[in-house]
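Visitor: I'd like to learn how to read a protein model step by step. Could you walk me through one?

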Amino acid sequence: DEGFAEQPDRPDDEGLDTNCDGIDGIIGEALFVAPNGNDRNSGLTPDQPIQTIQRALRLAAVFDERTMILVQTGVYRMDEPLSLVSGVSVFGGYGPLFERRNADRVSLQVDAGVGVQAVGLNAPTTLEQFDIQVMDQFEPGAAAIGIVVTDSGDLLSISRTEIRVGRGGDGRDGNDGFDGEIGRPGINAAG
């Protein structure tokens, strides 16, 4: 381990732990998320994972040194968009102990009009190895949108991710039409 701890170790396709800290990634820069985690946990170590990705993103906004969110494979449900934080990358596909990544994607089901949003990114940000499903919207006039990126330049990288969008809500009722013309006098039929 000696001499490797300071080596960069971004999560990679091979799941290699190049800095020998026990995970594919940098343990001191990561927050950990697992389907069986608890949002009361710190999320700072693999044995204390958080349960929701949004909670991890909110914590990453507070802990400047936590620039990676490592997510175990599983199904996650949200009722708000996945709101990415500038400079914080979210990597899916981790196994039970966060030691390695596998080829499986994280399933994220979003019951909101927008699945993912990235607003005002000013540092490189990555979303990797997810299947994101924006659920059907039933509110009249409600949109169903996969991803919204604004004021972020080319700082967002999305890879090995599929975003599927359900149906938007039915259109709203239109306004009443104009009154028709006044009718003409009828003709009496004789006969």
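Guide: Sure, let's begin with one residue. R160 is partly exposed, with a relative accessible area of 33%. Keep in mind that this is a predicted model.

Visitor: Where does R160 lie?

Guide: R160 sits in the loop between strand 11 and strand 12 (162–165). Its backbone is worth a look too: R160 has a positive phi of about 45° although it is not a glycine.

Visitor: Which other residue has a positive phi although it is not a glycine?

Guide: D151, with a phi of about 50°. You'll find D151 in the loop between strand 10 (145–150) and strand 11 (156–159).

Visitor: Is D151 buried or exposed?

Guide: The cut-off for exposed is over 50% relative accessible area. D151 has 68%, so it is exposed.

Visitor: Let's zoom out. How many helices and strands does the protein chain have?

Guide: One helix and twelve strands. Going from the N terminus, a strand comes before the helix, and the other strands follow.

Visitor: And how do I read the radius of gyration of the protein chain?

Guide: Set it against the globule rule. That rule gives 16 Å for 191 residues, while the protein chain has 25 Å, well over it, so the chain is more spread out than a compact globule. Along the principal axes, the C-alpha atoms fill a box of roughly 110 × 30 × 30 Å.

Visitor: What share of the residues counts as buried?

Guide: Buried means under 20% relative accessible area, and 39% of the 191 residues count as such. As for contacts with a separation of 6 or more, residues 24 or more positions apart account for 65% of them.

Terms used. Residues numbered from 1 in each chain as written. Predicted model: local features only at pLDDT ≥ 70, side-chain atom pairs only at ≥ 80, totals over all residues. Heavy atoms only, no water. Helix = DSSP H or I, 4+ residues; strand = E, 2+ residues; numbered from the N terminus. Rg over C-alpha atoms; globule rule 2.2 N^0.38 Å. Buried < 20%, exposed > 50% of the residue type's maximum accessible area, 1.4 Å probe, protein only. Contact = heavy atoms within 4.5 Å.
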